[in-house]
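Q: Could you take me through one part of this protein up close? I'd like to see how a single residue sits among its neighbours, and then how that spot fits into the whole chain.

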Amino acid sequence: MGKAGSKLRPEVLASLTEITNFTEQELQQKYHEFLKYHPSGRMTEEEFVDMYQQIFSKGDAKSFATLTFKSFDRNGDGGVDFKEFICALYITSRGNVKQKLNWAFNLYDLDGNGNVSKDECLNIIRSIHSMMANKSETPEVIVEKIFRTLDKNEDGVISKSEFVEGSSKNPLISSLLNVN
C-alpha cells in the first residue's frame, strides 16, 4: 500500500471510505500513523500484542491480544496490513451492534467451524478476565451465564444466529461478551 510518507492509492481510499465510513482525511491520517509505527506496511503479531499490553497496562493482555490478532489478520498471512487494521478498527469502534456482534462471534469461534463451544468461550473470557482489574465473577461463572442465555436449543454450542440474536436482545450478555 505504500511506504512511509506516502498516501493511499485513490481506489484503496475510495474502497475504505465506503467500507468504514471514515473520511478520506481520517483514513490518510490513520494510514500515516500506521506507517509511522509499521514502515513495512504490516503489523506483526508481536507488535500487536505490545500495543494491547500498553492499552491494558493494569492486566495481562497477551492472551487476548493474540486471539484478537487472528481476527484482524483476515487473510491469515501472519500480519495485519492497513486495510485489515482499519476495517477491524472501524467495526470495533464505530460499527453498529450487529457488526460488532458478528466480529465478536468470529473472535469467539476459535476453530472457525461456525459455532462457539464452551471451551472456546471460556478461552476468550479468561483472556478478557486477565486484562481486567475488576474480577467480580470467575470466567467459568460468566461462561455458564452466557450459555444459559444464548444456547437456545441446548446443544452445547452457540451458533452465529443464537449469538447475534441473543446478544443484541440482552444488554447483560452484550456486556459479558464485551461488545457494547
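A: Let's start with the whole chain: 41% of its 180 residues count as buried, where buried means under 20% relative accessible area, exposed means over 50%, and partly exposed is in between (1.4 Å probe, protein chains only). Keep in mind that this is a predicted model, so local features need pLDDT of at least 70 and side-chain atom pairs count only at pLDDT 80 or more, while totals for chains, interfaces and linings use all residues. Residues are numbered from 1 along each chain as its sequence is written, and side-chain values use heavy atoms, with hydrogens and water left out.

The protein chain has 10 helices and four strands. Helices (H or I, at least four residues) and strands (E, at least two) are DSSP runs, numbered from the N terminus. Read from that end, the order is α-α-β-α-α-β-α-α-β-α-α-β-α-α.

Now zoom in on His-129, which belongs to helix H7 (residues 118–129). His-129 has a relative accessible area of 17%, so it counts as buried. What is it touching? Setting aside neighbours within four places in sequence, His-129 is in contact with Lys-135, Glu-137, Thr-138 and Pro-139; a contact here means heavy atoms within 4.5 Å. With Glu-137 there is a polar detail too: a polar atom of the His-129 side chain lies 2.9 Å from the backbone oxygen of Glu-137. For a polar contact, the pair must be N or O atoms within 3.5 Å; within protein, one must be able to donate a hydrogen and the other to accept it, and residues adjacent in sequence count only if both atoms are side-chain atoms.

Glu-137 is worth following a bit further. Its side chain meets that of Lys-145 in a salt bridge (2.3 Å, N to O), meaning a side-chain nitrogen of Lys or Arg within 4 Å of a carboxyl oxygen of Asp or Glu. Glu-137 is partly exposed at 24% relative accessible area, and Lys-145 is partly exposed at 26%. The general idea is simple: side chains of opposite charge can pair when their charged atoms come close.

Helix H7 has a charged link of its own. The side chains of Arg-126 and Glu-140 form a salt bridge (2.8 Å, N to O). That pair links distant parts of the chain, since Arg-126 is in helix H7 and Glu-140 is in helix H8 (residues 139–150), 14 residues apart. Arg-126 is partly exposed at 43% relative accessibility, and Glu-140 is partly exposed at 36%.

By this rule the count comes to seven salt bridges. Another one of them joins the side chains of Glu-165 and Lys-169 (3.4 Å, N to O). These two are four residues apart in helix H9 (residues 160–169), so about one helical turn separates them. Glu-165 is partly exposed, with a relative accessible area of 46%, whereas Lys-169 is exposed at 62%.

Stepping back out, the C-alpha atoms fill a box of roughly 50 × 30 × 25 Å along the principal axes. Residues 24 or more positions apart account for 54% of the contacts with a separation of 6 or more. So that's the picture around His-129: a buried residue in helix H7, with Glu-137 among its contacts.
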